[in-house]
Amino acid sequence: MTPLHDGGRHVSLLGYHFVARGPELRIEHEFVEPVVVRMEPFAFRVEPPSRERAALRPGAEPDGPTRFALCETDETTEHILQAIAARRRRPIPTLPRPILQGHLLAARRRGLCALNPRAAHVQDALLAIGPHLPRLACQPGFYADPFLSRDVLRYRAAACALLALEEDLYAPWCARRGQPPTGEVASLLEAMRQWRGLFSFNGHPYRSLNRTLMNLPASVPARLLPYLRGFELERPLTEALPLTAVLLHASDDRAARLAEVATGQRKILERASESDVVSAVAALATFTGRDLEATRVEDLAFTVRFLVDYPRPFRGGLGGLVHRAIRWHEEIRAGHRARRHAAAGARPPLPARVAIERAPPALAASALQCTARPPIDLPQMDGIEFLATVDRIRMEAVQMDNCIASYANLAVAGECYLFHVHHRGEDACVEISRRGEVRQAEGPANSNNRAAHWGARTLGEWAR
């Protein structure tokens, strides 16, 4: 990067020159008419070609400037690439899209600091949480209300609400109010003025919710916060680990299969302290032999999934629930060992009273039933098998020494898709949610191995 005498910057790549001066970005090449992008308070402005160049290529580009909203970096990038292709005088290397977009993002930040400092601060707050600017944060009406930008800058939960507004929060909020979700800017602004209610089970804020949102810990993942609207908090949750655990539990679709059990587990997590959660994760680390840390979200998610697997009501503390869940998994493993010994013609090594795995009546599924197929073609990769029947899932449970058989009813209903993975001499089970997310990937007896990592990455790419 070369500084210019007027305080700008000059960067060269593949024969292209990026010249940044204040709110202006020029993209130059020896064989291309320059493309000029000027920042406006709420838009990218791409200048048209010069009159001479336009006369050489009539109709190649609009005669006037083209404007894009600040959130439309993809569209702006595509327009500039097309402009370069239209203006070039001979074949030249294609400008890599990520490079161009990076310069646009830098120009946006630089221009906003000069032209719209308030928007620059809001942008920083939002990009510290997520990778994209929401549409509403690029609208003049948002900044016309001083309280909206103030709350986004003051409260992390307000920034999370703005990020998740259109995708996750707005439509349910409208439904609770009995109004259609128009998606118009005025309606979105009205929703943001009541951003605490966006996270409420009834659309209206309440004391425990307000205190939770006002004191939201920085380590609680923003993507989980919309799940607060699915239930009423018994008390404020201002500690990171219990709140994250509660949200992870609320985000698990499988918990809804037994509403009474799920509600009881969630309330146990709500009443838990940070130390209770740390102890629970440590107990599962000992049981599974995995290296688990309560402060790692993926490890806390594993712990919550382990508890969700437990299908029986329990009233007590988190320590007691973890103990019951571990004992239930041990009973399943004992049943698997008994079956394997019986199949081999040997006497089971455990007493006959060993609890053989059984699903609750509501979850019973016929062994001959087929599981629902994913809405896209199955992956055609060596080492990956889709578990297509209930009987195959039950065989997988015995072979892998885990509780995957309790997922059979969900797989039949299309609530999840289950796979067996074999990679480099190791085996694993992988669950894909109906939204195409890798929910879990485990080796034998809930262990962590290379097959689980490979299966999660490979099936994650396929499902994405």
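Biologist: How many bridges join strand S3 to strand S4?

Modeller: In this predicted model, strand S3 covers residues 16-21 and strand S4 covers residues 24-29. The two run antiparallel, and they form a hairpin with 2 residues between them. Within the turn, Gly22 has a positive phi of about 55 degrees. The number of bridges joining S3 to S4 is 6.

Biologist: Which residue in S4 does Phe18 stand opposite?

Modeller: The strands concerned are S3 and S4, which are joined antiparallel. The partner of Phe18 also belongs to the residues with the most contacts inside the largest nonpolar core, a list that includes Met192 and Leu228. The residue opposite Phe18 is Ile27.

Biologist: Which residue in S5 stands opposite Arg26?

Modeller: Strand S5 spans residues 32-40 and pairs with S4 in the antiparallel sense over 5 bridges. S4 and S5 form a hairpin, with 2 residues between them. Opposite Arg26 in S5 stands Val36.

Biologist: Which helix gives the largest share of the largest nonpolar core?

Modeller: In soluble globular proteins, nonpolar side chains tend to be buried together. Here the largest nonpolar core has 118 residues. Its largest share is 12 residues, and these come from the helix at residues 156-177, namely H7.

Biologist: How many residues has the other core, which lies apart from the largest one?

Modeller: Among the members of this other core are Ala428, Ile432, Ala452 and Leu459. It lies apart from the core of 118 residues. Its number of residues is 16.

Biologist: Leaving aside neighbours within four places in sequence, which residues are in contact with Trp195?

Modeller: Trp195 is one of the residues with the most contacts inside the largest nonpolar core. Contact here requires heavy atoms within 4.5 Å, and sequence neighbours within four places are left aside. The residues that remain are Asp151, Tyr155, Ala157, Ala158, Ala161 and Leu213.

Biologist: Which helix gives the most residues to the lining of the second largest pocket?

Modeller: This pocket has a volume of about 320 Å³. Of its 17 lining residues, the closest to the centre are His249, Ala250, Asp252, Ala255 and Ala256. Two helices give two or more residues to the lining, H10 (240-251) and H11 (259-271). The most, 4 residues, come from H11.

Biologist: How many charged residues are in the lining of the second largest pocket?

Modeller: By class, the lining has 8 nonpolar and 4 polar residues. The number of charged residues is 5.

Biologist: Which residue just after H15 takes a positive phi?

Modeller: Helix H15 covers residues 390-400, and its buried residues include Val390, Ile393 and Met400. Just after this helix, a positive phi of about 60 degrees is taken by Asp401.

Technical notes
Residues are numbered from 1 along each chain as its sequence is written. This is a predicted model: local features need pLDDT of at least 70, side-chain atom pairs count only at pLDDT 80 or more; totals for chains, interfaces and linings use all residues. Side-chain values use heavy atoms; hydrogens and water are left out. On a 1 Å grid over the protein atoms alone, a cavity is a set of points where a 1.4 Å probe fits but cannot get out, and a pocket is an open set with protein on both sides within 12 Å along at least five of seven lines; lining residues have an atom within 4 Å of a point. Grid points are joined across faces, edges and corners, and a volume is the space filled by probe spheres set on the points. Ala, Val, Leu, Ile, Met, Phe, Trp, Tyr, Cys and Pro count as nonpolar, Asp, Glu, Lys and Arg as charged, and the others, Gly among them, as polar. A nonpolar core is a set of buried Ala, Val, Leu, Ile, Met, Phe, Trp, Tyr and Cys residues joined through side-chain atoms within 4.5 Å. Buried means under 20% relative accessible area, exposed over 50%, partly exposed in between (1.4 Å probe, protein chains only). Two strands pair if DSSP finds at least two bridges between them.
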